[in-house]
Amino acid sequence: MPDISENSYKYALCLVDIKVLGTKTFSYLIPDSMKDIIKIGQPVIVPFGFGKGRKLKAYIVGFSNYLEEGIKAKYIDEILDNEAMFDLGYLKMLEWVANYYFSDLPTVLKTALPEKFFQKNLKNYRKPNKELKVLSTKKSKKQNTLSDEQQKVYDEIKKVNAKTSLLYGVTGSGKTEIYFKLIEDTINEGKNILFLAPEIALVSQLTSRTIKRFGKSAVGIWHSSISEAEKYKVWQKLRNDEIKILFGARSSVFAPIKNLGLIIIDEENDPSYKQTMPAPRYSAVEVAKKLAELNNAKLILGSATPDIKNYYEAKNSNSLFELKHRYNNASLPKVKIVDMRLERGLGNNGIFSKYLIDEIKNTVNNKNQVILLINRRGFSSYTQCMECSTVIECPKCAIPLIYHSSSDSHRCHYCNYEIKHLTKCPECNKEDTLENFGTGTQRVEEIASKIFEGMRIQRLDSDNLTKKNEHFEILEAFSKGEIDILIGTQMIAKGLDNPNVTLVGVINADLSFNLPDFRSSERGFSLLCQVAGRSGRGKEEGKVIFQTYNNSNIFLDKAREQDYESFYENEIEIREAFDYPPFAKIIRIILSAENNFRAEKSALEIAMRLKEWIEKLSLTERLIVMGPAACVLEKIRGEYRFNILIKNKLDEKGHNTILSFLRKIILPNDIKMIVDVDPMDIL
C-alpha cells in the first residue's frame, strides 16, 4: 500500500456499492482542495455513470498516479467525514482476509463495515431506542481471588513471549478469572481488549460478569443481534477510543478497536467462529491471529476441549497452559451412560429413558434445575445397526456413509466410495436391523411437556429467539430459578454458570459423533464435555446422563470420563493417518448448477485439470485432490452440488498454488463455484 504522506497522488481508489454490479472499486480525481485532508478509510460522495446528478457513497481504499489507457476519471464530490472509518493497518488485515479466503477486498470490506453504513450518510443515524438489557448490570464490590493453580497459570502466561497462548482448563476451573486478571493488566497498560465468545447468549453472560467486575462505562457489545443504531454508537466510541473492552461474537473480529493489547477467544474450538455463508468464509480465530500480529497484541485462546489443531500447535510451541482442577477443588459431575437399546427391549420406544425421567422428577422436586441437550443439526445423517451398534463407515476415510434413498445406496462424500442396496449389517450379518437417526429440540420440548406436566419448561435455540434481549431474559430467568427444565442446542452447552443445575441430560449422545465429517468425533466429544460441565457447579454434586445406542463408542467413553488428553491422543493418530488437520490444511471447492449433469461434469473437469496441473508440478504427494463427490446436502435452493477436497501439506506455498489455479478458471454462466478454505464441515 503506497505512502500518502506527501499528498502527491492524483487519483483515489474508491470502493463503491452499486445496486446492479455489487461492490466495486473505481479511480477518481482528487480535487486540490481535498489533497491535504483526504486519507484511506474516509467516506466520500462520488458521481457515477454517464448521466448527471447520480451520486453514490464510497470509501477511499488507495491512491495512484496512473490510470489505464482510455479511462476518463471524474472528481470526488465531497468528503463526508474528516475521520476515517478505518486505517491502513485495518485495510492490511482485510487484504489478508481477501487473499487467504479466496475473496475480494470489496466483499471483505462490505462484511467488515455494517451494511447500512455503506448506504446512508453517517450523520443520519438516530440514537438507539432501547439499551441492551445486559448493560444495566450493576458493578459488584465482590472480587474473587485466584486459587494457587490459577495464580501459577497466570504467572506462566505473563512470563512467556508467545503471541498466541492456549489456556486449557476443565469445565469450572476458573478460566474466566484468569481472563479478568489479564484484562486488568492490559487496561493498566493503557491498552484495549477484544473478547470473543461463540454464541450471543454466552456474549451476554460474559459481558454481565465483566461489568460486575469492571463497570459498564468502558464496555461495548458487537454482534449480529444488535441494531444498526446500536452498532453505529459502538463504532463511534471505538473510533474515539472510549471502549476498553469490546465483547462480541464472530463478526466483532472486524470491529475497528484502537490501541489493541489483548484478544481473548473463549471456547475457541467452537464451529460458530467459522463463517460458512456468504463469502468471505473466514474463521474469526485465524483472523484474530493476524489481527494480533499486526497490532503486536497478545492472543489468548481458551477452552475445556481445545481445537485439535490449536492444541497440537500450542503443545509443540511451549504455549499451552493447563488448569486441571475445578475451582476450590470441586468435583466433576458423575456421568452415567444409558443404553437405549435396553429401553427398547423393555418396550420403551420414546426419546426419554425411564432413568432420565426419574432423575428429572427427583431433581425438580428437590428444587434444583435441569438442562436437556439435543443437537438440533441431527438429521438422518448416519445408519446404525440396532443389533450390534455398528455405524456404516467408509473404509478409506473413516467417516459414516450417508444413505441415499433415490439410488438405494450408502455413499462417502469425501472420496465417493459407495455400497448399493445394503439390506443387512456388514458386521453382524443380520437383516432389517439398520436404522437412520435424527431429532430436534422442538420435538423434545413437546414430549417433555407431556411427561413433566406442571414443571416450568423453556426451550432456547436460534429458532425461538425472535425478540431483542430474549436470550438474555431466558438465561436470566433460568439463573433466578424461574425455569425448571431448560432444553436447547449447543447454545446452552457452554459458559452457563448456574450453581442450582444438578442434572444434565443428553437425549442422543451418539448424534454428534456420527456426522459425515472428519471432525465429528472432536465435535461430539467437545459438546458432551461442555454440557456435562454445566452440572454440579454449586455446593451440591452434579449428575449427567448420556443416552446412547452405542455404549461401546470409545470417544463417548472419553467424554464420560471428561478426559481430553486421552481423547486427543486417540484422535491425533487418526488425523495423522488420514492427513487431516493439523497435518494438512483443507480447501473445499463446491460446484453447483440447476442441472445435475452440468454440475457433475464441471466438477469432474476441474478436478481432472487440477490433478494434471499438480502432477506437472511434481506435487502429488503434498497436494492431494479427492473427489469430486456429491455433497451430503446434494440439492440446496434448487441447485445440485458437488465438491472437491484438497489436502494441502505445503502450507502457504500449497495454498497459493491451489488458489492461483482456481483464479484462472472461467466458468459457464450456469455454473457456480464456492471455495471454502479450512472448512468446518463438508455438508
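Reader: How many residues does helix H1 have, and what span does helix H1 reach from its first C-alpha to its last?

Author: In this predicted model, helix H1 covers residues 88–100. At 1.5 Å a residue, a span of 18 Å is expected. The helix comes close to that expectation: H1 has 13 residues and reaches 18 Å.

Reader: Which residue caps the N-terminal end of H1?

Author: The cap is made by a side-chain oxygen that lies 3.3 Å from the backbone nitrogen of glycine 89. That oxygen belongs to aspartate 87.

Reader: Which residues of H1 are buried?

Author: Buried here means under 20% relative accessible area. What covers the buried residues of H1 includes helix H2 (105–112), helix H8 (284–295) and strand E24 (585–593). The buried residues are Tyr90, Leu91, Met93, Leu94, Val97, Ala98 and Tyr100.

Reader: What is the order of the strands in the open sheet of seven strands?

Author: The pairing in this sheet is parallel. Its edge strands, each of which pairs on one side only, are strand E8 (219–222) and strand E12 (320–323). Neighbouring strands are turned by 20° against each other on average, direction ignored. The order is E8-E9-E7-E10-E11-E6-E12.

Reader: What is the bridge partner of leucine 196 in E9?

Author: Strand E7 (residues 192–196) and strand E9 (residues 245–248) run parallel and are joined by four bridges. In E9, leucine 196 has as its bridge partner glycine 248.

Reader: At what angle to E8 does helix H7 run?

Author: Helix H7 comprises residues 228–239 and lies across E8 and E9. Its angle to E8 is about 130°.

Conventions:
Residues numbered from 1 in each chain as written. Predicted model: local features only at pLDDT ≥ 70, side-chain atom pairs only at ≥ 80, totals over all residues. Heavy atoms only, no water. Helix = DSSP H or I, 4+ residues; strand = E, 2+ residues; numbered from the N terminus. Expected span 1.5 Å × (residues − 1). Buried < 20%, exposed > 50% of the residue type's maximum accessible area, 1.4 Å probe, protein only. Contact = heavy atoms within 4.5 Å. Polar contact = N/O pair within 3.5 Å; in protein donor to acceptor, adjacent residues only side chain to side chain. Pairing = 2+ DSSP bridges. Axes fitted to C-alpha atoms, helices over the stretch in contact; angles between N-to-C directions.
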